[in-house]
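Here is a short tour for anyone who likes to read a fold from its contacts. Please take a look at the sequence and the model first, and then we can walk through them together.

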Amino acid sequence: MLLETEMNEGIEPLAEHYRQILELLGEDPEREGLQKTPVRVAKAMQILTRGYQQDPKQVLLDALFEEKYNQMVIVKDIDFFSLCEHHMLPFYGKVHVAYIPNGHITGLSKIARVVDIYSHRLQVQERLTQQIMDCIQSALLPMGVMVVVEAKHMCMQMRGVEKQNSITVTSAFSGAFQQAKTREEFMNLLGRNQ
């Protein structure tokens, strides 16, 4: 998380850009309802992009434990919110992560923190999925990792095709998950192959 002092650094230049954007849109940034909007938006953007200041691999390594367990570990239904880098509109949904330990495990909450860090950057869903998988693979050196991301994109709902109920699903996998049987087991445990 960004500290309040860290959030305040760079607020004014960012807020000034939002003041200019309001003017370019035909608004009066001095009217009562908009006077504090540029600063509010600048602070919100710092929070929504705080992942650039965090190291997801280090989060996993800080909670690395030796353990002989070698069966699938799944953390599913991890809520996330991100900003599409193309329109800077939100996309949000669930991330499901599985890995098969190879002598080491990590704290379960650290998997969710990795999702949080990568999702708090300007993203596309495909890269987000791959980055989560790559990070877990390189930090834990497991026998395999699989990540499935299900998301709704406001850029598809609010503009463009305006499709309200579409969901985009992406996956990335390595190691043991390259075998269809292992991927199928993961999907069954998620309740997706019923």
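## Burial and helix α3

A residue is called buried here when its relative accessible area is under 20%. With that cut-off in hand, helix α3 is a good place to start: Thr37, Pro38, Ala42, Met45 and Gln46 are its buried residues. The helix covers residues 37-48, 12 residues in all. From first C-alpha to last, α3 reaches 16 Å, close to the 16 Å expected at 1.5 Å a residue.

## The overall picture

Keep in mind that this is a predicted model. The protein has 194 residues, and buried residues make up 41% of them. Its secondary structure consists of 8 helices and 7 strands. Along the principal axes, the C-alpha trace spans about 60 × 40 × 20 Å.

The accessible surface comes to about 11,000 Å², and carbon and sulfur atoms account for 53% of that area. As for contacts with a separation of 6 or more, 71% of them link residues 24 or more positions apart.

## Two nonpolar cores

Which residues have the most contacts inside the largest nonpolar core? They are Phe80, Val95, Val97, Ile111, Ile132, Ile136 and Val147, in a core of 29 residues. Two or more residues each come from β2 (73-84), β3, α5 (108-119), α6 (125-140), β6 and α7 (154-157). Helix α6 gives the largest share, 7 residues.

Phe80 shows how such a residue is surrounded. Beyond its neighbours within four places in sequence, Phe80 is in contact with Phe91, Tyr92, Gly93, Lys94 and Val95, among others. Its contacts also include Val115, Ser119 and Leu128, as well as Val149, Glu150 and Ala151. A second, separate core has 8 residues, among them Ala98, Met146, Phe186 and Leu190.

## His96 and Glu150

Is His96 buried or exposed? This residue of strand β3 (residues 90-100) has a relative accessible area of 0%, so His96 counts as buried. Setting aside residues up to four places away in sequence, His96 touches Val75, Lys76 and Asp77, and its contacts also include Met146, Val147, Val148 and Glu150. Phe186, Leu190 and Arg192 are touched by His96 as well.

Two polar partners stand out for a closer look. The His96 side chain reaches the backbone nitrogen of Asp77 at 3.0 Å, and a polar contact of 2.8 Å joins the side chains of His96 and Glu150. Glu150 itself sits in strand β6 (residues 144-153). The residues touched by Glu150 include Phe80, Tyr92, Gly93, Lys94 and Gln125, and also Ile167, Thr168, Val169 and Arg192. For a longer distance, take Glu150 and Glu67: they are 83 residues apart along the chain, and their C-alpha atoms are separated by 30 Å.

## Cysteines

How many disulfides does a search of the whole structure find? The result is 0. Cys155 is in no disulfide, and its nearest cysteine sulfur, that of Cys84, is 4.2 Å away. A disulfide requires the two sulfur atoms to be within 2.5 Å, so a pair at a greater distance does not qualify.

Cys155 counts as buried, at 11% relative accessibility. Cys135 is buried too, with a relative accessible area of 4%.

Terms used: Residues numbered from 1 in each chain as written. Predicted model: local features only at pLDDT ≥ 70, side-chain atom pairs only at ≥ 80, totals over all residues. Heavy atoms only, no water. Helix = DSSP H or I, 4+ residues; strand = E, 2+ residues; numbered from the N terminus. Buried < 20%, exposed > 50% of the residue type's maximum accessible area, 1.4 Å probe, protein only. Polar contact = N/O pair within 3.5 Å; in protein donor to acceptor, adjacent residues only side chain to side chain. Contact = heavy atoms within 4.5 Å. Expected span 1.5 Å × (residues − 1). Core = buried A, V, L, I, M, F, W, Y, C linked by side-chain atoms within 4.5 Å. Areas by Shrake-Rupley, 256 points an atom, 1.4 Å probe, with all protein chains shown as cover.
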